[in-house]
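I opened this entry to keep track of what I looked up in the model. The notes follow the order in which I checked things.

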Amino acid sequence: MNLESAVYIVDSFDGDYVHLKRTDEESDDLKLVARALLPPEIREGTRLKYEMLQYSIAE
């Protein structure tokens, strides 16, 4: 079982969705994620870790 692990930064909010930019790989693409899947206390610039199909605030 290969579960992806990644680090993102909150780029912007778009209603009920959030644009995330991956920081652990070189890419200009933004990922659109439903806000309900993310921790409620996020703000623009918050670093998030995606692991085991969940997002959490990166330390």
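I started with two tyrosines in this predicted model. Tyr8 and Tyr55 are both buried. For Tyr55 I noted a relative accessible area of 12%, which is under the 20% cut-off and therefore counts as buried.

Next I looked at how the rings sit. I counted 2 aromatic pairs. In the pair of Tyr8 and Tyr55 the ring centres are 6.2 Å apart and the planes stand at 55°, so I entered the pair as tilted. Tyr8 belongs to strand S1 and Tyr55 to strand S5, so this pair ties together parts that are 47 residues apart in sequence. The other entry is Tyr50 with Tyr55, also tilted, at 4.7 Å from centre to centre and 45° between the planes. Through these ring pairs Tyr8, Tyr50 and Tyr55 are linked into a cluster.

I then checked Tyr50 by itself. Its relative accessible area is 12%, so I listed Tyr50 as buried. Leaving out residues up to four places away in sequence, I found Tyr50 touching Glu4, Ser5, Ala6, Tyr8 and Tyr55.

Which residues make up the largest nonpolar core? I listed 11: Ala6, Tyr8, Val10, Val18, Leu20, Val33, Leu38, Ile42, Leu48, Tyr50 and Tyr55. S1, S2 and S4 each supply at least two residues of this core. S1 gives the most, with 3 residues. The three tyrosines of the ring cluster are all on the core list.

I went on to the sheet. In what order do the 5 strands lie? I read S3-S2-S1-S4-S5, an open sheet with antiparallel pairing. The edges are strand S3 (30-34) and strand S5 (54-57), each of which pairs on one side only. From one strand to the next, the twist averages 40°.

I followed S1 to its partners. Strand S1 (residues 6-14) is joined to strand S2 (residues 17-22) by 6 bridges, and the two run antiparallel. Within this pairing I found Ser12 opposite His19 in S2. With strand S4 (residues 47-51), S1 pairs over 4 bridges, again in the antiparallel sense. There Ile9 stands opposite Arg47 in S4.

I also looked at the turn between S1 and S2. The hairpin has 2 residues between the strands, and Gly15 there takes a positive phi near 65°.

I then looked for positive phi values outside glycine. Met52 has one, of about 55°, and Met52 is found in the loop between S4 and S5. Leu53 has another, with phi near 65°, and the place of Leu53 is also in the loop between S4 and S5. Are these two residues buried or exposed? Met52 has a relative accessible area of 58%, so I put Met52 down as exposed. Leu53 is at 64% and is exposed as well. Both values lie over the 50% cut-off for that label.

Back in strand S2, I checked Arg22. Its relative accessible area is 15%, so I recorded this arginine as buried. Which side chains does the side chain of Arg22 meet in polar contacts? One is that of Glu4, at 2.8 Å. Another is that of Asp24, at 2.7 Å. Setting aside residues up to four places away in sequence, I listed Glu4, Ser5, Ala6, Val7 and Tyr8 as touched by Arg22. Glu4, Ser5, Ala6 and Tyr8 appear on this list and on the list for Tyr50.

My last look was at Glu59, in the segment after S5. Glu59 has a relative accessible area of 90%, so I entered this residue as exposed. I also took the C-alpha separation between Glu59 and Lys49, which is 8.9 Å for two residues 10 apart along the chain.

Terms used: Residues numbered from 1 in each chain as written. Predicted model: local features only at pLDDT ≥ 70, side-chain atom pairs only at ≥ 80, totals over all residues. Heavy atoms only, no water. Pairing = 2+ DSSP bridges. Axes fitted to C-alpha atoms, helices over the stretch in contact; angles between N-to-C directions. Buried < 20%, exposed > 50% of the residue type's maximum accessible area, 1.4 Å probe, protein only. Polar contact = N/O pair within 3.5 Å; in protein donor to acceptor, adjacent residues only side chain to side chain. Contact = heavy atoms within 4.5 Å. Core = buried A, V, L, I, M, F, W, Y, C linked by side-chain atoms within 4.5 Å. Phe/Tyr/Trp six-rings, centres within 6.5 Å; stacked < 30°, edge-to-face > 60°.
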